[in-house]
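The following exercises are to be worked with the sequence and the three-dimensional model at hand. Each task is followed by a solution in steps.

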Amino acid sequence: MSPRPSPRPVRPLPRAPLRGGPARGYTLIEVVVAFALLALALSLLLGAMTNASKQVRLSDEYGRAALHAQSLLDQAGVGEALTPGHRQGQLEDGRYRWELDVSPWRDPTAPPKQEQLLGAPQLMQLDLVLRWGDGGPRQTLAIHSLRLVTPTDLNAAGVVP
């Protein structure tokens, strides 16, 4: 075996001078800009989530109003004759308010003085308006429907066509 050569002496790496050398880390302006961008992104995200929760609430109110309107129209003329007039009421402890107007339907294309045949079925127009909240345009549901009323129903109600 041959003798091992002696190890070379290890030289320390040269140190970078404190000034004028390559910079390490972030400057204060970079940190401030990063926080500003983060704050902007979070505010946009929270704004979108708030708007989404309002849309979900509004959708729930519209859905409930539509279900109440359907129930009110389904009950109109059931158990009692459908007679012309105005009715109103409240649902869910006053959260929803409704008005129902019932009137004989007139054909807009018919001549003005058309006589009603005695004993003939008659169409009744139902106009339902359901309001909730402050009752603004976005919190109002209006539904218009027609119902066929037979002469026996009109006679039972005491209405002369």
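Glu99 is partly exposed, with a relative accessible area of 31%; here buried means under 20% relative accessible area, exposed over 50%, and partly exposed in between (1.4 Å probe, protein chains only). This is a predicted model, in which local features need pLDDT of at least 70 and side-chain atom pairs count only at pLDDT 80 or more, while totals for chains, interfaces and linings use all residues. Residues are numbered from 1 along each chain as its sequence is written, and side-chain values use heavy atoms, with hydrogens and water left out.

**Exercise 1. Determine which residue forms a salt bridge with Glu99.**

Step 1. A salt bridge requires a side-chain nitrogen of Lys or Arg within 4 Å of a carboxyl oxygen of Asp or Glu. Arg131 satisfies this with Glu99, the closest N and O atoms being 3.9 Å apart.

Step 2. Glu99 lies in strand E2 and Arg131 in strand E3, so the pair ties together parts that are 32 residues apart in sequence. Helices (H or I, at least four residues) and strands (E, at least two) are DSSP runs, numbered from the N terminus.

Step 3. Arg131 is also partly exposed, at 30% relative accessibility.

**Exercise 2. State the order of the elements in the protein chain.**

Step 1. The chain has two helices and four strands.

Step 2. Read from the N terminus, the order is α-β-β-β-β-α.

Step 3. Of the 161 residues in the protein chain, 15% are buried.

**Exercise 3. Compare the span of H1 with its expected value, and identify what its buried residues pack against.**

Step 1. The expected span is 1.5 Å times one less than the number of residues. For the 48 residues of H1 this gives 70 Å, and the end C-alpha atoms are 71 Å apart, which agrees.

Step 2. The buried residues of H1 include Glu61, Ala65, His68, Ala69, Leu72 and Leu73. An α-helix has 3.6 residues a turn, so residues three or four places apart point the same way.

Step 3. The buried residues of H1 pack against E1, E2, E3 and strand E4 (140–149). Gly77, which follows H1, has a positive phi near 85 degrees.

**Exercise 4. Which elements supply at least two residues each to the largest nonpolar core?**

Step 1. A nonpolar core is a set of buried Ala, Val, Leu, Ile, Met, Phe, Trp, Tyr and Cys residues joined through side-chain atoms within 4.5 Å. The largest one has 16 residues, of which Leu82, Leu100, Leu126, Leu128 and Leu130 touch the most other members.

Step 2. Helix H1 (28–75), strand E2 (96–104) and strand E3 (122–132) each supply at least two residues. The largest share, five residues, comes from E3.

Step 3. Contact means heavy atoms within 4.5 Å. Not counting residues up to four places away in sequence, Leu130 touches ten-member surroundings that include Ala65, Leu72, Trp98 and Leu141.

**Exercise 5. Trace the salt bridges that link H1 to the loop between E1 and E2.**

Step 1. The side chains of Glu61 and Arg95 meet in a salt bridge (4.0 Å, N to O). Glu61 lies in helix H1 and Arg95 in the loop between E1 and E2, so the pair ties together parts that are 34 residues apart in sequence.

Step 2. Glu61 is buried, with a relative accessible area of 10%, whereas Arg95 is partly exposed at 37%.

Step 3. Glu92 forms a salt bridge with Arg64, the closest N and O atoms being 2.4 Å apart. Glu92 lies in the same loop and Arg64 in H1, so this pair ties together parts that are 28 residues apart in sequence.

Step 4. Salt bridges that share partners join Arg57, Glu61, Arg64, Glu92 and Arg95 into one network.

Step 5. Glu92 has a positive phi of about 50 degrees although it is not a glycine.

**Exercise 6. Is Asp127 buried or exposed, and which side chain of opposite charge is nearest?**

Step 1. Asp127 lies in strand E3 and is buried, yet has no salt bridge.

Step 2. Lys and Arg count as positive and Asp and Glu as negative, while His and the chain ends are not counted. The nearest side chain of opposite charge is that of Arg87, 12 Å away.Step 3. A polar contact of 3.1 Å joins the side chains of Asp127 and Gln125. Such a contact is a pair of N or O atoms within 3.5 Å; within protein, one must be able to donate a hydrogen and the other to accept it, and residues adjacent in sequence count only if both atoms are side-chain atoms.
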